[in-house]
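Me: I'd like to learn how to read a protein model feature by feature. Could you walk me through one?

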Amino acid sequence: MYAYDNGIKNKNVGFAKTECRGETVKLWINLKGAYSQEENYKVYFFVRRDGNIVGICMGDMVIKSGMGQFFAAEPLADIEIPFDDICGLYIGGKQGERMFARQWDDMPFDTKRVMDMEAYKAVLPAKAERAVSSMSRQTLIHCWRIQISY
């Protein structure tokens with residue numbers, strides 16, 4: 001796990017272990033040297049969607065005197081995302097506060113692109129409407145070009 005200050009990756013502050021066995025997902029986190037002004041954090045698995053880092057909340061974590069531990073065991077069905085789609089995890093407080101993250105893919109962790117699943121679902125209808133509107137315009141242009149070619 002790495003600390004991120006103002007979007008910049010800093011020092012290693014701990015480790016995380018995940019396990020998916022049968023229909024249960026387990027997550028262990030141990031942090032040391034994770035000093036922050038904030039004490040209460042939420043722990044998220046994340047997936048990448050439309051250029052965003054979308055968090056799936058796994059629970060709450062307290063970090064005191066730079067130390068914190070977390071454990072969760074959840075039914076896979078409660079996560080609502082296939083385990084293989086999960087790209088990493090992050091621990092975040094309020095927007096602009098220090099974050100802690102670890103990604104399992106080779107893509108960067110951009111703190112400005114982080115949002116929780118509820119926020120992502122809220123922007124989906126607007127994106128879908130824009131896509132349908134754009135597709136309708138493209139279809140009309142295509143049909144218009146076909147008519148001219150006759």
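Reply: Gladly! Let's begin with the term we need for the chain's layout: helices (H or I, at least four residues) and strands (E, at least two) are DSSP runs, numbered from the N terminus. Keep in mind that this is a predicted model.

Me: Thanks. How many helices and strands does the chain have, then, and in what order do the elements run?

Reply: The chain has 2 helices and 10 strands. Reading from the N terminus, the order is β-β-β-β-β-β-β-α-β-β-β-α.

Me: What share of the contacts with a separation of 6 or more links residues 24 or more positions apart?

Reply: Such pairs account for 60% of those contacts. As for burial, 35% of the 150 residues count as buried. The chain exposes about 9500 Å², with carbon and sulfur atoms supplying 52% of that area.

Me: Now the interior. Which residues touch the most other members of the largest nonpolar core?

Reply: A nonpolar core is built from buried residues of nonpolar type joined through side-chain atoms within 4.5 Å. Here the largest one has 28 residues, and Ile29, Leu31, Ile91 and Phe100 touch the most other members. Several elements each supply at least two residues of this core, including strand 4 (24-32), strand 5 (40-49) and helix 2 (117-149). A second, separate core has 10 residues, among them Tyr44, Phe46, Ala101 and Val114.

Me: What is Ile29 in contact with, leaving aside neighbours within four places in sequence?

Reply: Its partners include Phe15, Val43, Met61, Phe70, Leu89 and Ile91.

Me: And pockets? What volume does the second largest pocket have, and which residues line it?

Reply: The general idea is that rolling a probe the size of a water molecule over the atoms shows where empty space is left. In this model, the second largest pocket has a volume of about 180 Å³. Among its lining residues are Tyr44, Cys57, Asp78, Glu80, Asp116 and Lys121. Strand 6, helix 1 and helix 2 each give two or more residues to that lining. By type, the lining divides into 6 nonpolar, 1 polar and 5 charged residues.

Me: One last case: why does Lys9 count as partly exposed?

Reply: Lys9 counts as partly exposed because its relative accessibility is 43%, and that class lies between the 20% and 50% cut-offs. Lys9 sits in strand 2 (residues 8-12). Beyond its neighbours within four places in sequence, Lys9 is in contact with Tyr2, Ala3 and Tyr4. Lys9 and Pro108 are 99 residues apart in sequence, with 9.7 Å between their C-alpha atoms.

Notes: Residues are numbered from 1 along each chain as its sequence is written. This is a predicted model: local features need pLDDT of at least 70, side-chain atom pairs count only at pLDDT 80 or more; totals for chains, interfaces and linings use all residues. Side-chain values use heavy atoms; hydrogens and water are left out. Buried means under 20% relative accessible area, exposed over 50%, partly exposed in between (1.4 Å probe, protein chains only). Contact means heavy atoms within 4.5 Å. On a 1 Å grid over the protein atoms alone, a cavity is a set of points where a 1.4 Å probe fits but cannot get out, and a pocket is an open set with protein on both sides within 12 Å along at least five of seven lines; lining residues have an atom within 4 Å of a point. Grid points are joined across faces, edges and corners, and a volume is the space filled by probe spheres set on the points. Ala, Val, Leu, Ile, Met, Phe, Trp, Tyr, Cys and Pro count as nonpolar, Asp, Glu, Lys and Arg as charged, and the others, Gly among them, as polar. Accessible areas come from the Shrake-Rupley method with a 1.4 Å probe; for residues, only the protein chains shown count as cover.
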